[in-house]
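Biologist: I would like to learn how to read a model of this kind, going from single residues to helix packing and then to the chain as a whole. Could we look at it together?

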Amino acid sequence: MDSRISARALTVLLGGWRTSEPAYEALADSIRLLGLDNRIAPRTALPAERELAAALGVSRTTIAAAYRSLRESGDIRSIRGSGSVTEPLGRAAVARTVVADPRAIDLQQASPPAWPGLAGVIAEAAGSVTTLLTAPGYDVIGNEALRAVIAERYTRSGIPTDAGEIMITNGAQSALHLLATTLVVRGDRVLIESPTYPHAAESFRAAGARLVSVPVTTGDGWDLDRAEQAFERTAPTLAYLMPDFQNPTGRSMNNAERDAMERAAARAGTTVIVDETTADLDIDRAVKPRAFGMSDAGASVIRVGSFGKTVWGGLRVGWIRANADLLRRVMAARFAIELGTPEWEQLIARTLVPRLPEIIAQRAHVLREGRDALVDALHERLPEWSTPTVDGGLSLWVDLGAPLSGALVMGVRSEGVLLSAGPRFSIDGGYERNLRVPFTVAPARIDAAVNALAVTWQRIRAGAAPVMLDRLDAVV
């Protein structure tokens with residue numbers, strides 16, 4: 001057993017769990033979903049039956065029946081003296097059952113397939129691989145030639161940069177983890193968007209940060225009043241923002257929003273980590289805003305990027321753009337976590353950089369087809385959902401009109417469609433009315449996924465009593 005979750009904490013995570021009858025099975029499904037989303041880690045001890053019954057305001061019989069259902073499906077096991085503990089094998093078995101079906105559509109990861117020319121680039125890079133075999137094979141700061149071409153790309157975009165301001169990492173997630181480890185002291189406040197990229201929030205929490213959320217919506221964008229108040233009131237050490245095609249909303253900051261955020265951060269003395277992993281995924285934005293941090297407000301900005309979304313998620317090469325002094329601190333912290341980035345993957349990345357204009361144009365074409373297919377299918381088959389308009393990125397942040405995201409995600413798994421429920425992207429709880437739907441697979445598979453969603457939605461709605469929906473709306 002690695003950890004324990006209290007009844008109060010589990011109640012917060014469950015949110016409006018009672019969306020169908022019988023109640024015990026609805027509760028069991030909600031706990032399963034928390035495991036599938038990794039919001040509850042494997043080998044976590046669940047609250048005692050009596051404790052959870054009191055927290056949820058239900059009978060102990062309901063909790064006992066839910067735990068029994070979870071034991072029967074292999075999602076938890078009972079340990080004498082320790083109660084019920086989550087079991088990773090149960091979740092893996094559920095996932096295998098679905099993923100083993102060739103018709104399964106995995107939309108949990110908003111990642112497109114590899115750029116079609118990648119195999120040729122790998123073959124080209126292989127011609128030079130012998131030069132790497134006499135070296136250790138990894139590098140803690142990054143290959144100088146790769147750092148130089150990334151720096152040159154920043155300079156051409158209007159952000160003067162030299163190779164000494166670039167560190168190569170094992171993807172963007174590694175970069176965020178290294179920055180959180182280096183810059184966050186336990187108890188520090190970190191301002192972060194809500195909803196947001198969940199693994200970023202996990203990195204900051206793991207470093208001991210206290211997260212301060214700023215709402216982002218598909219329609220109105222960033223709540224600037226809340227943001228300015230949060231900067232002034234909490235003086236966060238860091239802020240984590242995705243100004244371009246924010247995950248999961250797909251929204252991009254306009255220049256006025258960038259100005260307001262930069263001024264607020266500068267006044268508070270906050271360093272802003274700008275996640276640029278989706279910044280190149282522009283489909284048809286009419287006007288491209290200026291780069292974040294390039295006004296005269298004087299905000300301190302660190303940039304994080306990667307090849308994961310533009311080229312392929314399997315190419316684990318990312319980077320940090322920051323001043324050389326900070327990179328030296330990150331490098332010192334990195335030795336305790338990892339030894340560096342593989343030279344072989346850096347060689348592939350270096351070969352790719354000159355082709356990025358071609359890659360980005362191909363990505364825009366593919367993502368446009370997927371986005372348009374998804375929007376058309378949702379309008380036709382689920383017109384009661386609120387479908388936003390996005391100019392780029394990888395997904396839609398859909399408003400279901402009812403707090404049934406978790407029940408829908410669990411239900412549609414039986415149809416072979418894997419999705420992440422809205423609360424997965426939450427900081428403070430909520431978003432049961434929302435669902436992130438990526439458009440990163442082929443249009444035919446998008447159409448099949450929406451068909452499954454429509455069938456499951458009607459079944460879920462039919463099983464949710466009107467009085468229950470009213471109560472859930474009040475909670476959410």
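Biologist: Where along the chain is the place of Tyr 431?

Modeller: Tyr 431 is in the loop between strand 17 (417–418) and strand 18 (434–438), where helices (H or I, at least four residues) and strands (E, at least two) are DSSP runs numbered from the N terminus. This is a predicted model, in which local features need pLDDT of at least 70 and side-chain atom pairs count only at pLDDT 80 or more, while totals for chains, interfaces and linings use all residues. Residues are numbered from 1 along each chain as its sequence is written, and side-chain values use heavy atoms, with hydrogens and water left out.

Biologist: What is the phi of Tyr 431, and what is the phi of Ala 235?

Modeller: Tyr 431 has phi near 70°, a positive value in a residue other than glycine, and Ala 235, also not a glycine, has a positive phi of about 45°. Ala 235 sits in the loop between helix 10 (224–234) and strand 11, and its relative accessibility of 45% makes it partly exposed; on this scale buried means under 20% relative accessible area, exposed over 50%, and partly exposed in between, for a 1.4 Å probe and protein chains only. A glycine case is Gly 208, which takes a positive phi of about 100° just after helix 9.

Biologist: Which residues are joined by a cis peptide bond?

Modeller: One cis bond joins Ser 194 and Pro 195, with omega about 0°, and Pro 195 is in the loop between strand 8 and helix 9. Another joins Asn 247 and Pro 248, with omega about 15°, and Pro 248 is in the loop between strand 11 and helix 11.

Biologist: Arg 251 interests me too: is it buried or exposed, and which residues does it touch?

Modeller: Arg 251, also in the loop between strand 11 and helix 11 (255–268), is buried, with a relative accessible area of 17%. Leaving out residues up to four places away in sequence, Arg 251 touches a set that includes Asp 220, Trp 222, Asp 244 and Glu 257, where contact means heavy atoms within 4.5 Å.

Biologist: How should I read the packing of two helices, and at what angle do helix 1 and helix 3 pack?

Modeller: In general, two packed helices are described by the angle between their axes and the distance between the axes. Helix 1 (residues 7–14) and helix 3 (residues 49–56) pack at about 50°, with axes 9 Å apart; axes are lines fitted to C-alpha atoms, for helices over the stretch in contact, and angles run from 0 to 180 degrees between N-to-C directions. The two helices are therefore oblique to each other, given that angles under 35 degrees count as roughly parallel, over 145 as roughly antiparallel, 65 to 115 as roughly perpendicular and the rest as oblique. Ala 7, Leu 10, Thr 11 and Leu 14 of helix 1 meet Glu 51, Leu 52, Ala 55 and Leu 56 of helix 3. By class, that contact has six nonpolar, one polar and one charged residues (Ala, Val, Leu, Ile, Met, Phe, Trp, Tyr, Cys and Pro count as nonpolar, Asp, Glu, Lys and Arg as charged, and the others, Gly among them, as polar).

Biologist: At what angle do helix 1 and helix 2 pack?

Modeller: Helix 1 and helix 2 (residues 23–36) pack at about 90°, with axes 10 Å apart, which means that helix 1 is roughly perpendicular to helix 2. Leu 10, Leu 13 and Leu 14 of helix 1 meet Leu 27, Ser 30, Ile 31 and Leu 34 of helix 2, a contact with six nonpolar, one polar and no charged residues.

Biologist: How many helices and strands does the protein chain have?

Modeller: The protein chain has 17 helices and 18 strands. Its radius of gyration is 23 Å, close to the 23 Å that the globule rule gives for 476 residues, so the chain is as compact as a globular protein of that length; the radius is taken over C-alpha atoms, and the rule is 2.2 Å times the number of residues to the power 0.38. Of the 476 residues, 54% count as buried, and among contacts with a separation of 6 or more, 75% come from residues 24 or more positions apart.
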